[in-house]
Amino acid sequence: MTIDFEFGRAIILLGAAYAGVALLVRISNGKTLAKMNAFELFVTVALGGLLVGALFRPELPLGLVLAGGAFLVGVQATLTYLARRLRK
């Protein structure tokens, strides 16, 4: 019985987390992770780590995971914006 509950929880959590991360990337401009320099690779791996952490640690609320993802994407988008502005 607990296996069914855990499987259902994982499916719901991963679906919600995937939709949340997709929304975060879309809001921050879809091209923020397109060029994949070293920092963008770090952000991508960190987002994956957040999703895995949410899946394997049921005590982590999804809102906290998405807030962490929003922070990572926000910092990445801000630094990309500043790098473009300083380059000009």
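## Three helices and a nonpolar patch

Helix α2 buries E40, V43, L47, G53 and A54. Looking down the α2 axis, those buried residues sit within an arc of 140°, so they line one face of the helix. On the other side of α2 you'll find A38, V45 and F56, which are exposed.

Keep in mind that this is a predicted model. The protein's mean pLDDT is 76, with 81% of its residues at 70 or more. Confidence isn't even along the chain: helix α1 (residues 2-27) is the low point at a mean of 72, while α3 is the high point at 83. As a general caution, coordinates shouldn't be read in detail where pLDDT is low.

### The overall layout

What does the secondary structure add up to? It comes to 3 helices and 0 strands, and from the N terminus on, the elements run α-α-α. Of the 88 residues in the protein, 25% are buried.

### Helix lengths

How do the spans of α2 and α3 stand against what you'd expect at 1.5 Å a residue? Here are the numbers for both helices.

| Helix | Residues in helix | Expected span | Span between end C-alpha atoms |
|---|---|---|---|
| α2 (residues 38-56) | 19 residues | 27 Å | 27 Å |
| α3 (62-87) | 26 residues | 38 Å | 37 Å |

For α2, the distance between the end C-alpha atoms agrees with the expected span. For α3, the reach from first C-alpha to last is close to the expected value.

### Helix α3 and the patch

Which residues of α3 are buried? They are V65, G69, L72, V73, Q76 and T80.

There's also a nonpolar patch on the surface, covering about 680 Å² and made by F39, F42, F71, V75, L79, Y81 and L82. The elements giving two or more residues to this patch are α2 and α3. Which of the elements gives the most? That would be α3, with 5 residues.

L82 is one of the patch residues, and it's found in helix α3. Is L82 buried, partly exposed or exposed? Its relative accessibility is 42%, and because partly exposed covers the range between under 20% (buried) and over 50% (exposed), L82 counts as partly exposed.

### Putting it together

So what does α2 bring to the picture? Helix α2 has one face lined by buried residues, has exposed residues on its other side, and contributes two or more residues to the nonpolar patch. Helix α3 has buried residues too, including V65 and T80, and gives the most to the patch.

How values were computed: Residues are numbered from 1 along each chain as its sequence is written. This is a predicted model: local features need pLDDT of at least 70, side-chain atom pairs count only at pLDDT 80 or more; totals for chains, interfaces and linings use all residues. Side-chain values use heavy atoms; hydrogens and water are left out. Helices (H or I, at least four residues) and strands (E, at least two) are DSSP runs, numbered from the N terminus. The expected span of a helix is 1.5 Å times one less than its number of residues. Buried means under 20% relative accessible area, exposed over 50%, partly exposed in between (1.4 Å probe, protein chains only). The arc is that of the directions from the helix axis to the C-beta atoms. Patches are made of residues with over 30% relative accessible area and no salt bridge: like charges are joined within 9 Å, nonpolar side chains (Val, Leu, Ile, Met, Phe, Trp, Tyr) within 5 Å. Accessible areas come from the Shrake-Rupley method with a 1.4 Å probe; for residues, only the protein chains shown count as cover. A salt bridge is a side-chain nitrogen of Lys or Arg within 4 Å of a carboxyl oxygen of Asp or Glu. pLDDT is the predictor's confidence in each residue, from 0 to 100.
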